[in-house]
Structure formats: C-alpha cells, structure tokens
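Student: Can you walk me through this one? I'd like the layout before the details.
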Amino acid sequence: MVVSKALVAKIDRPIGIVSFQTAKDSNNVLNSWATNLEKLLDLVEKRCHQKHKETMVHKAALKV
C-alpha cells in the first residue's frame, strides 16, 4: 500500500517505530498551512497591539 501511495509511512529508526498515515491531498495540506499561518499572524498582531498599548500607558504615566 505504501508503494502504491495509498498510505504514507514514517520510519523512526532510533526508536524503532513505523507510523502509517493516509496520503494527504496537496491542496488540503496547503490550506491547513495557510490556516495555521493566519492564526499565527493574528496572535502576533494582537501581541503587538498589546505591547504598543502598554508602552503608551507607561509613557503617559511618566509624563504625569
């Protein structure tokens, strides 16, 4: 089944484990990566906004 590409096999030689998975469609893999990347960029954007807000609050506190 691996030779006919119906399944994908991953071999971890040091541990001695062979994992079998169904073959994935390349479009599904790319869509999954795009979704994960979008989530990551959203988190980075939120963190940058929080950091900027925190900086502005501390600058305002120093001026008073």
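Tutor: We'll go from the overall fold to single residues; keep in mind that this is a predicted model.

Student: Okay, how many helices and strands are in the chain?
Tutor: The chain has 1 helix and 2 strands. Read along the sequence, the pattern is β-β-α.

Student: Compact globule or more spread out?
Tutor: More spread out, because the radius of gyration is 23 Å, well over the 11 Å that the globule rule gives for 64 residues.

Student: And what does the C-alpha trace span along its principal axes?
Tutor: About 70 × 30 × 10 Å.

Student: What share of the residues is buried?
Tutor: Buried residues make up 0% of the 64 in the chain. Buried here means under 20% relative accessible area.

Student: How much surface does the chain expose, then?
Tutor: About 6300 Å². Carbon and sulfur atoms supply 62% of that area.

Student: Let's do the strands. Parallel or antiparallel?
Tutor: Antiparallel. Strand β1 covers residues 7–12, strand β2 covers residues 17–22, and 6 bridges join them.

Student: Which residues stand opposite each other?
Tutor: Two pairs to look at. Ala9 in the first pair faces Phe20 of β2. In the second, Val8 stands opposite Gln21, again in β2.

Student: What links β1 to β2?
Tutor: They form a hairpin, with 4 residues between them. Gly16 sits in the turn and has a positive phi of about 80°.

Student: Which other residue has a positive phi, though not a glycine?
Tutor: Lys5, with a phi of about 65°. Lys5 lies in the segment before β1.

Student: Is Lys5 buried or exposed?
Tutor: Exposed: its relative accessible area is 66%.

Student: Back to the loop. Where is Ile15?
Tutor: In the loop between β1 and β2. Ile15 is exposed, at 58% relative accessible area, and the cut-off for that label is over 50%.

Student: How far is Ile15 from Asp42?
Tutor: Their C-alpha atoms are separated by 37 Å. Along the chain the two residues are 27 apart.

Student: Which residues make the nonpolar surface patch?
Tutor: Val2, Ile11, Val18 and Phe20. The patch is about 380 Å². Phe20 is the residue we met opposite Ala9.

Student: Where does Ile11 sit, and is it buried or exposed?
Tutor: Ile11 is in strand β1. Ile11 counts as exposed because its relative accessibility is 57%.

Student: Any general rule for side chains in a strand?
Tutor: In a regular strand, side chains alternate between the two faces of the sheet.

Student: Now the helix. Which residues does α1 cover?
Tutor: Helix α1 runs over residues 26–63, and Lys59 is found in it.

Student: How exposed is Lys59?
Tutor: Partly exposed, with a relative accessible area of 48%.

Student: And how far is Lys59 from Val3?
Tutor: Their C-alpha atoms are 64 Å apart. The two residues are separated by 56 residues along the chain.

Student: Last topic. What does the UniProt record annotate for residues 27–59?
Tutor: The unreviewed entry gives "domain: 26S proteasome regulatory subunit RPN5 C-terminal" for that range.

Student: Helix or strand over that range?
Tutor: Residues 27–59 are 100% helix and 0% strand. The end C-alpha atoms of that range are 48 Å apart.

Definitions and conventions:
Residues numbered from 1 in each chain as written. Heavy atoms only, no water. UniProt positions renumbered as here; feature names shortened; annotations may be inferred. Pairing = 2+ DSSP bridges. Patch = residues over 30% accessible without salt bridge, like charges linked within 9 Å, V, L, I, M, F, W, Y side chains within 5 Å. Areas by Shrake-Rupley, 256 points an atom, 1.4 Å probe, with all protein chains shown as cover. Salt bridge = Lys/Arg side-chain N within 4 Å of Asp/Glu carboxyl O. Buried < 20%, exposed > 50% of the residue type's maximum accessible area, 1.4 Å probe, protein only. Rg over C-alpha atoms; globule rule 2.2 N^0.38 Å.
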